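These are my notebook entries from going through one structure, entry by entry. I wrote down what I looked up and what I found.

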Amino acid sequence: MLDLASTSKLKHKSRNTLSDKENLLFKQLQKQFSNRSDDSLRGLLEAKLQQATPTQIETETLFRKAHFDALTHLPNRAYFNEVLEHFIVSSHEQEMAFALLFLDLDGFKAVNDEMGHQTGDELLRHVAARLIFAVREEDKVFRLGGDEFVIILPEITEQETTEKIAQRIIHEISQDYWLNGQPVHISTSIGIALFPKDGKIAADLIANADKALYAAKSKGKGFALFYDESYLTPQQKFAAEVADLERAIEAAELASCSCQQYSLEHQSLELIHHSLCWHQQALPTWEDKLESSRYATQIGHWLIDNSFYHLQQNSDQVETRIAIPLILKLLKQTEITEKLSKALSQYQLQAQQVLLQLNASSWTQLMASSSHRDQIEQLNQKGFYFILEGMDEQQFVLTALRHPAVQIVQLNAKWILQSKQEGNLDKVETLIQMLHLLNKKVSLDEGLLEPQLMRKLGIDWVKSIQIPK
């Protein structure tokens, strides 16, 4: 079996001598208009063949047929998939980044159509040689088929390195070729995805590199672009985020975590917020993603149990309450009241120690249904109250907010920042005044506004954005 050395070291042969066809190939790779030589490769090949036994030669023959492209002698799509999986595993273990480059040839179809497939094949061989020359020794070059190539750049510590290699590839491929007695010009477009930033599994990296390639081609010829989430439609982006969350759940990478909420006036701890975290980092808007995932109910129940356990372990802080995130799917289940009541009994706690945390839009949705309003009434009668998150002028629905079960409202951070940038905090102050008239406490993330300005606007509580280690 071949190792994962550089592409220039992957060209083993299955016979003791190179055939005329193979000798011709090497000569073609060294032609003037390819302007590249590969003497070291040929020496490596011949040395390997002299040492090979008949069994090794037969094994190599079968391996090459399955894993190498007969035209360019580059590793093929099947081998690329194997190598990529290997890189993902090893890079994850070593916490190293790598880059995946997808490229195709701008103008190749015209050469094929006008000069014939033989000329097109010769052009592809020249391109393969130039790609090997343009990358580093440790980089891996593959041909996927047609005029599509892919390159893996290992151990990338700076994005600038990837940019330089991509530009060198574009420069090399864009130099004139001499085919059938005449100069031929093509170029290449490159899409780049980075591990683990742009994907932690092969399917995501490939899809995102392909999206970046499509975006690069849309700009014209000879462009290299890194993947950016803006290439996705909002629906595609949300679906990708849901898939990422599900994979994190399946890999047991998520944990419960908490942050704290303080009284702005008294500087006293008022509330512990429970949430989901990934590697000690908060997951923004995870509730909506979890709602759309396959694991909404299971994770919802787990968060409830985990939050009650945390509260029991900190029962000495008798005046501190805990906010438990509730999944909308759970609130729509008739047994949720019974589930919470049993949890209180099991952990020997009181309902007034608990606030049920819910998105403001979910609350409005619940209050629009008579059956769900009844569910809220049952919870309220048991002594449970709610804190609504993400409140802004769009989410302010008077009929829904009048309900006495709502005690605290957390303002939408993006709305606050936008209002501040627009110099229009008057509408924020008006919303806060209306919430106070409804006897609701108003909370805001720390750092969005200066403490003096928060007091002026009437903010009651400040929620920490830091997660204690």
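Before the first entry I note that helices, like strands, are DSSP runs numbered from the N terminus, a helix having at least four residues. I also keep in mind throughout that this is a predicted model.

**Entry 1: overview.** I began with the whole chain and found 19 helices and 16 strands in the protein. Of its 469 residues, 49% count as buried. I then looked at contacts between residues at least 6 apart in sequence, and 69% of these join residues at least 24 apart.

**Entry 2: helix H17.** I turned to H17, which covers residues 413-421, and asked which of its residues are buried. I found Trp415, Ile416 and Ser419 to be buried there. Viewed down the axis of H17, these buried residues fall within an arc of 100°, so they line one face of the helix. As a reminder to myself, an α-helix has 3.6 residues a turn, so residues three or four places apart point the same way. On the other side of H17 I noted Lys414 and Gln421, both of them exposed.

Next I asked what the buried residues of H17 pack against. Their partners are three strands, E13 (385-391), E14 (406-411) and E15 (441-445), together with helix H18 (426-437).

I also checked the two ends of this helix. The N-terminal end of H17 is capped by Asn412, which places a side-chain oxygen 2.9 Å from the backbone nitrogen of Lys414. After H17 comes Gly423, and the phi of Gly423 is positive, near 70°.

**Entry 3: strand E11 and Arg321.** I moved to E11, residues 321-325, where Arg321 lies. The strand is mostly covered, with 5 of its 5 residues buried. Looking at the two faces separately, I found Arg321, Ala323 and Pro325 on one side and Ile322 and Ile324 on the other, and all of them are buried.

How does E11 pair with other strands? With strand E9 (residues 269-278) E11 pairs in the parallel sense over 3 bridges, and I noted Ala323 as the bridge partner of His273. With strand E12 (residues 354-359) E11 also runs parallel, this time joined by 4 bridges, and here Leu356 is the bridge partner of Ile324.

Arg321 itself made me stop, and I asked which side chain of opposite charge is nearest to this residue. It is Glu270, 6.6 Å away, and Arg321 is buried yet has no salt bridge. I did find a polar contact of 3.0 Å between the side chains of Arg321 and Gln407. Leaving aside residues up to four places away in sequence, the residues that Arg321 touches include Glu270, Gln352, Gln353, Gln407 and Trp461.

**Entry 4: salt bridges.** I then asked how many salt bridges the structure holds, and the count is 17. I went through a few of them one at a time.

The pair of Arg136 and Asp139 has its closest N and O atoms 2.7 Å apart. Is each partner buried or exposed? Arg136 is partly exposed, with a relative accessible area of 22%, whereas Asp139 counts as buried at 1%.

In the pair of Arg294 and Glu246, the closest N and O atoms are 3.3 Å apart. Arg294 lies in the loop between helix H10 (286-291) and helix H11 (296-313), while Glu246 lies in helix H9 (residues 234-250), so the pair ties together parts that are 48 residues apart in sequence. Arg294 counts as exposed at 54% relative accessibility, whereas Glu246 is buried, with a relative accessible area of 12%.

My third pair brought me back to H17, where Lys420 meets Glu450 in a salt bridge of 3.8 Å, N to O. This pair links distant parts of the chain, since Lys420 is in helix H17 and Glu450 is in the loop between E15 and helix H19 (451-457), 30 residues apart. Lys420 counts as partly exposed at 34% relative accessibility, and Glu450 is partly exposed too, with a relative accessible area of 41%.

Last, I noted a network of salt bridges that links Asp104, Asp106 and Lys217.

Key:
Residues numbered from 1 in each chain as written. Predicted model: local features only at pLDDT ≥ 70, side-chain atom pairs only at ≥ 80, totals over all residues. Heavy atoms only, no water. Buried < 20%, exposed > 50% of the residue type's maximum accessible area, 1.4 Å probe, protein only. Arc of directions from axis to C-beta. Contact = heavy atoms within 4.5 Å. Polar contact = N/O pair within 3.5 Å; in protein donor to acceptor, adjacent residues only side chain to side chain. Lys, Arg positive; Asp, Glu negative; His and termini not counted. Salt bridge = Lys/Arg side-chain N within 4 Å of Asp/Glu carboxyl O. Pairing = 2+ DSSP bridges.
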